[in-house]
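Grab a coffee and work through these exercises with the structure open beside you. Try each task before you read its solution.

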Amino acid sequence: MAFADLLEQVGSTGRFQVLHVTLLCLPILMMASHNLLQNFVASVPPHHCRAPKNSSLSHLEPQVALLLTVPLDPQGRPSKCQRYSSPRWHLLADNDTSGEAGGAVASTPDYPGTELQGCVEGWEYNMTEMTSTIISEWDLVCDLRSFKQMGQTIYMGGVLVGALFFGGLSDRFGRRFLLLVSNLLMAVSGTCAAFSSSFSLFCLFRFGCGMALSGLVLNSFSLIVEWIPTRVRTVVGTGSGYCYTMGQLILAGMAYFIRDWRWLTLAVSLPFYVSFLYAWWFKESARWLVLNGKSEQAAQNLRSVARINGRRAEGDKINVEMLQESMKKEVSCSQGAHSALDLLRTPTMRTITVCLSAVWFSTSFAYYGLSMDLQKFGVSIYLIQVIFGAVDIPAKVVVTVAMSMIGRRPSQCGSLILAGITILINLLVPYDMQTLRTSLAVIGKGCLAASFNCCYLYSGELYPTVIRQNGMGWVSMMARLGAMVAPMVLLLGEALVWLPGLIYGGIPILAGGFALFLPETLATPLPDTIQDVEERGKGKKSSSALPKKEELVLKDANNSLLKEAV
């Protein structure tokens with residue numbers, strides 16, 4: 001009897017599985033809130049230098065005082081980073097102060113006090129979008145404006161480190177224990193970030209949130225797929241993906257009603273205290289327990305699941321010997337001698353690994369490059385967040401149909417190249433045509449979401465069973481690296497405004513070219529060994545071709561692994 005048969009015996013889609021999957025998916029709703037939180041807590045409000053402390057200015061209207069102390073930039077707006085060393089009182093000589101001030105900025109360089117200086121007394125902020133942000137809290141503008149992007153890069157660095165840290169520990173200490181640790185780390189780090197007294201502490205705790213997010217994703221999905229049957233894994237994996245999409249909409253709603261960055265950070269972190277408490281109810285994976293020599297505990301867990309599903313009699317029949325017999329194949333596979341070096345050892349594996357690295361890096365790089373700079377579209381950041389989140393729903397449906405109809409490779413290439421083209425076209429659209437600019441950005445974001453959806457399925461089908469986990473771990477790391485680099489590219493806009501857009505658009509097109517060298521996997525058997533991959537790369541029929549029914553079952557199972565790993 002195989003382990004899948006044991007799971008059917010205790011009830012594979014009963015009350016336990018419904019409750020188990022639901023509770024594991026609830027925290028996924030809040031994961032998008034942490035990934036994209038920077039859009040709101042670090043939004044840059046309109047600002048200008050604070051006027052000098054001069055009692056003579058106090059009796060003037062604020063707009064008049066502003067014209068006397070702050071020069072105008074080329075767009076006719078108050079300069080963000082400079083002010084006059086002293087008020088330009090000569091402008092008051094004319095009764096029509098505002099009319100004269102407009103033309104006096106460039107025509108009065110010789111008056112005393114027209115020398116420019118930095119904002120030595122701080123800044124004034126127009127807090128209409130948010131009542132408080134980390135930008136206004138710690139004056140992260142002008143010379144410190146790069147700190148905004150650095151904060152998001154540090155968070156994504158935490159996601160990368162967390163994947164390496166929790167990925168290894170979960171195989172040693174179990175999924176349930178690491179899930180508990182991840183929930184508590186997310187809750188505590190988020191709470192501490194909300195009450196940080198400095199930007200350095202804020203970044204430190206956000207790094208902790210990033211680590212916790214990786215632990216939650218990896219261990220939640222492992223617990224989900226290891227307690228449900230193969231036939232429903234694709235449906236459940238897709239559903240968990242849509243939970244992340246819904247989380248983007250939830251974030252927009254929360255940010256709209258909670259305009260203070262500290263309270264918003266706290267609001268998206270507190271639910272993880274609740275998930276930490278109910279996570280004690282989860283059952284450790286019976287598969288993991290058997291593979292780690294804890295067959296008695298695995299048998300107890302299966303009997304407990306049987307009772308919850310109303311199959312006590314069937315559960316009582318399960319014993320340690322039955323479990324060990326059912327897991328013989330898994331135990332032998334786990335003791336194989338393969339390593340991550342096998343990803344590059346042979347020609348076809350090298351091609352697959354290099355091309356998939358480019359695809360995953362570029363998808364994540366452009367996705368977060370678009371998603372983390374909402375203010376540039378000139379519309380409400382709350383509205384654009386809702387639109388960006390909602391577009392993922394039809395995009396994932398369309399690419400799923402395309403992958404089944406025209407194949408994986410054309411879908412992957414097309415989504416990347418179309419995303420890059422829309423981003424590049426946006427560079428040519430005048431800034432005042434906001435509707436067109438936003439529409440093109442939304443199409444690009446949808447194409448990148450479709451590319452992500454295609455990546456998960458395609459990668460699982462390209463890597464052979466013996467090193468599939470190593471392969472998925474590598475490409476996931478490349479995706480996180482892309483997410484780390486994306487915010488820093490925005491800094492190049494200080495030198496050339498169009499340069500970030502050119503990079504965000506050019507890299508997906510280049511990666512689409514790399515994807516052309518990947519083998520097509522539509523209606524082909526899953527490769528089990530590296531030899532199968534090499535034979536497929538040479539156009540030969542795989543020696544491990546499976547019967548159609550068995551092939552579809554295994555493909556369904558393996559392609560669901562790490563569905564939410566990024």
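**Exercise 1. One helix, two faces**

Which residues of H26 are buried? Work out how they sit around the helix axis.

Solution. Keep in mind that you are looking at a predicted model.

- Step 1: Find the helix. H26 runs over residues 499-515, which makes 17 residues.
- Step 2: Check its length. From first C-alpha to last, H26 reaches 24 Å, close to the 24 Å expected at 1.5 Å a residue.
- Step 3: Pick out the buried positions. These are Pro500, Gly501, Tyr504, Gly505, Pro508, Ala511, Gly512 and Ala515.
- Step 4: Look down the axis. The buried residues cover an arc of only 130°, so they end up on the same side of H26.

**Exercise 2. Pair up the cysteines**

Find the disulfides, then describe each one by its sulfur distance, handedness and place in the chain.

Solution. The cut-off you need is a sulfur-to-sulfur distance within 2.5 Å.

- Step 1: Count. Applying that rule gives 2 disulfides.
- Step 2: Start with Cys49 and Cys119, whose sulfurs are 1.7 Å apart in the model. The S-S torsion here is about -60°, so this disulfide is left-handed.
- Step 3: Place that pair. Cys49 belongs to strand E1 (residues 47-49), while Cys119 is in the loop between strands E3 (116-117) and E4 (123-125); the two are 70 residues apart and tie together distant parts of the chain.
- Step 4: Move on to Cys81 and Cys142, with 2.0 Å between their sulfur atoms. The torsion is -100° about the S-S bond, and this link is left-handed.
- Step 5: Place this one too. Cys81 is in the loop between helix H5 (62-69) and strand E2 (83-84), and Cys142 is in the loop between helices H7 (134-138) and H8 (146-173), a separation of 61 residues.
- Step 6: Number the bonded cysteines along the chain, and the pattern reads 1-3, 2-4.

**Exercise 3. Buried or partly exposed?**

Sort the four bonded cysteines by accessibility. The cut-off for buried is under 20% relative accessible area.

Solution.

- Step 1: Cys49 comes out at 1%, so Cys49 is buried.
- Step 2: Cys119, at 13%, also counts as buried.
- Step 3: Cys142 has 7% and is buried.
- Step 4: Cys81 sits at 33%, which makes Cys81 partly exposed.

**Exercise 4. Cysteines left without a bond**

Why are Cys243 and Cys455 not in disulfides?

Solution.

- Step 1: For Cys243, the closest cysteine sulfur is that of Cys25, 4.4 Å away, so the gap is too far for a bond. Cys243 counts as buried, at 18%.
- Step 2: For Cys455, the closest cysteine sulfur belongs to Cys454, and at 6.6 Å that is too far as well. Cys455 is buried too, with 1%.

**Exercise 5. A buried acid**

What does the side chain of Glu461 make a polar contact with?

Solution.

- Step 1: Locate Glu461 in helix H24 (residues 434-462).
- Step 2: Check its accessibility: Glu461 is buried, at 1%.
- Step 3: Look for its partner. The side chain of Thr521 joins that of Glu461 in a polar contact of 2.6 Å.

**Exercise 6. How far to trust it**

Where does pLDDT stay under 50?

Solution.

- Step 1: Take the overall view. Mean pLDDT is 80, and 85% of residues reach 70 or more.
- Step 2: Flag residues 97-111, which stay under 50 and have 20 contacts beyond four places in sequence.
- Step 3: Flag residues 542-566 as well, also under 50, with 68 such contacts in the model.

Notes. Residues numbered from 1 in each chain as written. Heavy atoms only, no water. Helix = DSSP H or I, 4+ residues; strand = E, 2+ residues; numbered from the N terminus. Buried < 20%, exposed > 50% of the residue type's maximum accessible area, 1.4 Å probe, protein only. Polar contact = N/O pair within 3.5 Å; in protein donor to acceptor, adjacent residues only side chain to side chain. Expected span 1.5 Å × (residues − 1). Arc of directions from axis to C-beta. pLDDT = per-residue confidence, 0-100. Contact = heavy atoms within 4.5 Å.
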